[in-house]
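Work through the exercises below with the sequence and the model side by side, and try each task before reading its solution.

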Amino acid sequence: MEGGVRKTYTVDGKNRDYRPLVRANSRKSFPLSYFSVESLLVLLCLTASLLLLPLILPPLPPPPFMLLLVPIGILLVLLILAFMPSDVRDIASSYA
């Protein structure tokens, strides 16, 4: 820190050094503990099933026509909401 003095604190009877770690490589590296082993295994199984199951299973018949209208309805509702004018005075602001 200042003048090369290390600040150590005693926590639970052990001396701890709370200096920020300075690495020679200033790039941010991907943390190895971001995914656990179990989550990596689940992701690998999901990837394998998405790649292999379409090759094994027979093709499915098309869905009924009314079921195909559901995504179109969702799209229309989202478009209406996107272009609907809003009153700026009614929108809550944390800066007011």
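Helices (H or I, at least four residues) and strands (E, at least two) are DSSP runs, numbered from the N terminus. The model is predicted, so local features need pLDDT of at least 70 and side-chain atom pairs pLDDT 80 or more, while totals for chains, interfaces and linings use all residues. Residues are numbered from 1 along each chain as its sequence is written, and side-chain values use heavy atoms, without hydrogens and water.

**Exercise 1.** Determine which pattern of elements the protein chain follows along its sequence.

*Solution.* Begin by counting the elements, which gives two helices and two strands. Then read along the sequence, where their order is β-β-α-α.

**Exercise 2.** Describe the span, the kink and the cover of helix H1.

*Solution.* First, H1 covers residues 37-56 and reaches 28 Å from its first C-alpha to its last, close to the 28 Å expected (1.5 Å times one less than its number of residues). Next, a kink of about 30° (the angle between axes fitted to the seven residues ending there and the seven starting there) lies at Leu-50, shortly before Pro-54. Finally, zero of its 20 residues are buried (under 20% relative accessible area, 1.4 Å probe, protein chains only).

**Exercise 3.** Decide whether Phe-65 is buried or exposed.

*Solution.* Locate Phe-65 in helix H2, residues 65-83. Phe-65 counts as exposed because its relative accessibility is 59%, and exposed means over 50%.
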